[in-house]
Amino acid sequence: MRLSTRNQLDGTVLSVTRGEAMAVVRVRLTGGQEVTSSITRDAADDLGLAEGSSVKVLIKSTEVALGVE
């Protein structure tokens, strides 16, 4: 799979919490950090996401915000 997204992080699914329309997916990255993503339930089902699944987290640079004290 080739993608233009440059921020690609390997991880493992910790949990998938499915609601009526959306699913919340918790992922532990290779370095031990955790990220959470909300995706459609259909997408979670189509991808076959389950605890222990290996995934690649893609972060679009325009969706990242930075802050300082």
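This passage walks through the fold, the strand pairing and the largest pocket of one protein chain.

The model is predicted, so local features are reported only at a pLDDT of at least 70 and side-chain atom pairs only at pLDDT 80 or more, while totals for chains, interfaces and linings use all residues. Residues are numbered from 1 along each chain as its sequence is written, and side-chain values rest on heavy atoms, with hydrogens and water left out.

A good place to start is the overall layout. The chain holds one helix and four strands, where helices (H or I, at least four residues) and strands (E, at least two) are DSSP runs numbered from the N terminus. Read from the N terminus, the order of elements is β-β-β-α-β. Along the principal axes, the C-alpha atoms fill a box of roughly 35 × 25 × 25 Å. The accessible surface comes to about 5500 Å², and carbon and sulfur atoms account for 49% of that area; accessible areas come from the Shrake-Rupley method with a 1.4 Å probe, and for residues only the protein chains shown count as cover. Of the 69 residues, 19% count as buried. Here buried means under 20% relative accessible area, exposed means over 50%, and partly exposed lies in between (1.4 Å probe, protein chains only). Contacts (heavy atoms within 4.5 Å) also link distant parts of the sequence: among those between residues at least 6 apart, 40% join residues at least 24 apart.

Next comes the way the strands sit side by side. Two strands are said to pair if DSSP finds at least two bridges between them. E1 and E2 pair in the antiparallel sense over seven bridges, and they form a hairpin with three residues between them. Within this pairing, glycine 11 has leucine 29 of E2 as its bridge partner, and serine 15 is matched with arginine 26. E2 also pairs with E3, again antiparallel and over seven bridges; one of the matched pairs is methionine 22 with threonine 40 of E3. On the other side of the story, E1 runs antiparallel to E4, and six bridges join these two strands. Aspartate 10 stands opposite lysine 56 in E4.

The turn between E2 and E3 deserves a brief look. These two strands form a hairpin with four residues between them, and glycine 32 in the turn has a positive phi of about 100°. Glycine 32 counts as partly exposed, because its relative accessibility is 42%. Its C-alpha lies 14 Å from that of serine 54, a residue 22 places away in sequence.

Individual residues of E1 add detail. Threonine 12 is found in this strand, which covers residues 7–18. Because its relative accessible area is 34%, threonine 12 is partly exposed. Leaving out residues up to four places away in sequence, threonine 12 touches Arg26, Val27, Arg28, Gly52, Ser53 and Val55. Threonine 12 and lysine 56 are 44 residues apart in sequence, yet their C-alpha atoms are 8.3 Å apart in space. Serine 15 lies in E1 too, but this residue is buried, because its relative accessible area is 19%. With the same sequence neighbours left out, serine 15 touches Val24, Val25 and Arg26.

In a regular strand the side chains alternate between the two faces of the sheet. E2 shows such a pattern: Ala23, Val25, Val27 and Leu29 point to one face and are buried, whereas Met22, Val24, Arg26 and Arg28 point to the other and are not.

Finally, there is the question of empty space. Rolling a probe the size of a water molecule over the atoms shows where empty space is left. On a 1 Å grid over the protein atoms alone, a cavity is a set of points where a 1.4 Å probe fits but cannot get out, while a pocket is an open set with protein on both sides within 12 Å along at least five of seven lines; lining residues have an atom within 4 Å of a point. Grid points are joined across faces, edges and corners, and a volume is the space filled by probe spheres set on the points. The largest pocket holds about 450 Å³ of space. Its lining has 14 residues, of which Ser37, Ile39, Lys56, Val57 and Leu58 are the closest to the centre. Strands E2 (22–29), E3 (34–40) and E4 (54–59) each supply at least two lining residues, and E4 gives the largest share, five residues. By class, the lining has 11 nonpolar, two polar and one charged residues, with Ala, Val, Leu, Ile, Met, Phe, Trp, Tyr, Cys and Pro counted as nonpolar, Asp, Glu, Lys and Arg as charged, and the others, Gly among them, as polar.
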